[in-house]
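Open the model in your viewer and keep the selection tool to hand. The stops below each say what to select and what to look for.

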Amino acid sequence: MNATSPFDAERALSLARETLTIEADALLALRGQIDGAFVQAMQAMLDTRHRVIVMGMGKSGHVGRKIAATLASTGTPAFFVHPGEASHGDLGMVTPGDVVIAISNSGESDELNAILPPMRRLGITLVAMTGRPESSLARHADFVLNTAVQKEACPLNLAPTASTIAQMAMGDALAVALLDARGFREDDFARSHPGGALGRKLLMHVRDLMRGGEQVPRVPADASFSATMREMTSKGLGATAVVDGDKVLGIFTDGDLRRMIETGADLRAMKAHQVMHPHPKLVRDDALAVEAADLMEQHRITSVLVVDAAGHLVGALNTNDLLRAKVI
């Protein structure tokens with residue numbers, strides 16, 4: 001390695017821009033290399049009742065791990081097996097009927113080629129993702145996905161750069177086409193990402209977040225004003241339901257209190273049914289939490305009462321509950 005030369009900012013910017021240009025050109029060229037083999041490989045993955053196993057060495061292995069993760073999260077059961085480890089026992093993870101995606105830009109990876117014969121004897125379907133359709137890997141494969149690039153973005157044309165971008169993009173193309181063919185939808189995606197923002201929005205229901213039982217502020221219609229205020233204060237929601245049994249008659253909120261004070265009304269002599277706001281906004285306990293958030297945002301309210309299918313009061317929810325659950 002030569003001694004470090006003075007940093008040249010203009011050269012660095014030029015190389016960065018050239019890298020992006022080379023890799024973008026490689027992706028555009030890849031569009032023309034997708035052919036019937038892509039559809040056949042995709043059909044094999046749709047038809048199998050087994051798994052999709054992705055293999056690759058070096059940088060192709062890192063790409064393979066990402067492809068396997070993307071497939072698994074979009075409805076295609078998949079995992080990564082390291083070719084080197086496969087030669088020492090992990091080949092037992094491959095079973096008859098599996099579809100194997102083997103990734104190698106040269107198609108001559110020693111570790112991959114060493115396990116091709118025993119894998120073929122298992123009765124797997126082999127999909128080669130390679131930059132050399134005439135390679136040993138391609139000759140063993142049932143279907144070949146051509147990821148050849150004109151040149152690497154590396155100035156030495158050695159470090160895998162454009163070629164790994166092409167492999168990654170081909171994997172994404174497979175995943176997207178497969179999820180569409182499977183009818184994979186947002187709620188399916190959410191089920192495989194329960195800890196993510198989309199999972200919280202599409203899987204979490206009001207009943208999962210609402211305050212129930214004794215935590216729900218409620219007073220009968222004939223409750224005194226002081227009793228109504230005590231209930232609001234003790235439950236800490238800034239509102240209380242006014243009920244007839246479990247039937248919601250109305251709601252009284254901090255905002256209602258401020259507005260009534262401004263009118264000069266003698267609140268101490270009033271009953272709950274006289275100060276309540278009738279016909280409050282309600283949300284079902286089986287509604288998605290994000291629907292409750294939308295309701296509160298639309299009507300500019302911070303709390304909402306929760307009812308069951310029969311219309312009985314079962315809970316209460318406010319924006320702080322939604323914020324804690326990261327729904328909003």
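Select aspartate 256 in this predicted model. Leaving aside residues up to four places away in sequence, aspartate 256 touches Ile251 and His277. Show the secondary structure, and aspartate 256 falls within helix α12, residues 254-263. Is aspartate 256 buried or exposed? Its relative accessible area is 11%, so aspartate 256 is buried, the cut-off being under 20%. Now display the backbone of threonine 253: its nitrogen is 3.0 Å from a polar atom of the aspartate 256 side chain.

Keep Ile251 selected, as this contact of aspartate 256 is also one of the residues lining the largest cavity. To see the rest of that lining, add Pro217, Leu237, Ala239, Thr240, Ala241, Ser303, Val304, Leu305, Ala316 and Leu317. The space inside comes to about 40 Å³. Colour by strand next: β8 (239-244), β12 (303-307) and β13 (313-318) each contribute at least two lining residues. Colouring by class instead gives nine nonpolar residues, two polar ones and no charged ones.

How many cavities of 30 Å³ or more are there? The count is two. For the second largest, with a volume of about 30 Å³, select Gln33, Ile34, Asp35, Ala37, Phe38, Val144, Leu145, Asn146 and Met170. Two elements, α2 (36-47) and β5 (143-146), give two or more residues to this lining. The largest share, three residues, belongs to β5. By class, the lining of the second largest cavity holds six nonpolar residues, two polar and one charged.

Move on to leucine 179, in helix α7, which covers residues 162-181. Why does leucine 179 count as partly exposed? Its relative accessibility is 23%, and partly exposed means between the 20% and 50% cut-offs. With residues up to four places away in sequence left out, leucine 179 touches Thr74 and Phe184. Then draw a distance between the C-alpha atoms of leucine 179 and threonine 76: the value is 7.7 Å, although the two are 103 residues apart in sequence.

Now select serine 73, which is in helix α3, residues 58-73. Serine 73 has a relative accessible area of 17% and is therefore buried. Show its side chain together with the backbone of threonine 70: the serine 73 side chain reaches the backbone oxygen of threonine 70 at 3.1 Å.

Finally, clear the selection and zoom out to the whole chain. A cartoon view shows 15 helices and 13 strands. Along the principal axes, the C-alpha atoms fill a box of roughly 90 × 55 × 35 Å. The radius of gyration is 31 Å, whereas a compact globule of 328 residues would have one near 20 Å. Shade the chain by accessibility, and 42% of the 328 residues are buried. A contact map adds one further view: of the contacts between residues at least 6 apart in sequence, 63% join residues at least 24 apart.

Key:
Residues numbered from 1 in each chain as written. Predicted model: local features only at pLDDT ≥ 70, side-chain atom pairs only at ≥ 80, totals over all residues. Heavy atoms only, no water. Helix = DSSP H or I, 4+ residues; strand = E, 2+ residues; numbered from the N terminus. Buried < 20%, exposed > 50% of the residue type's maximum accessible area, 1.4 Å probe, protein only. Polar contact = N/O pair within 3.5 Å; in protein donor to acceptor, adjacent residues only side chain to side chain. Contact = heavy atoms within 4.5 Å. 1 Å grid on protein atoms, 1.4 Å probe; cavity = no way out; pocket = protein on both sides within 12 Å on 5 of 7 lines; lining within 4 Å. Points joined across faces, edges and corners; volume = space filled by probe spheres on them. Nonpolar A, V, L, I, M, F, W, Y, C, P; charged D, E, K, R; others polar. Rg over C-alpha atoms; globule rule 2.2 N^0.38 Å.
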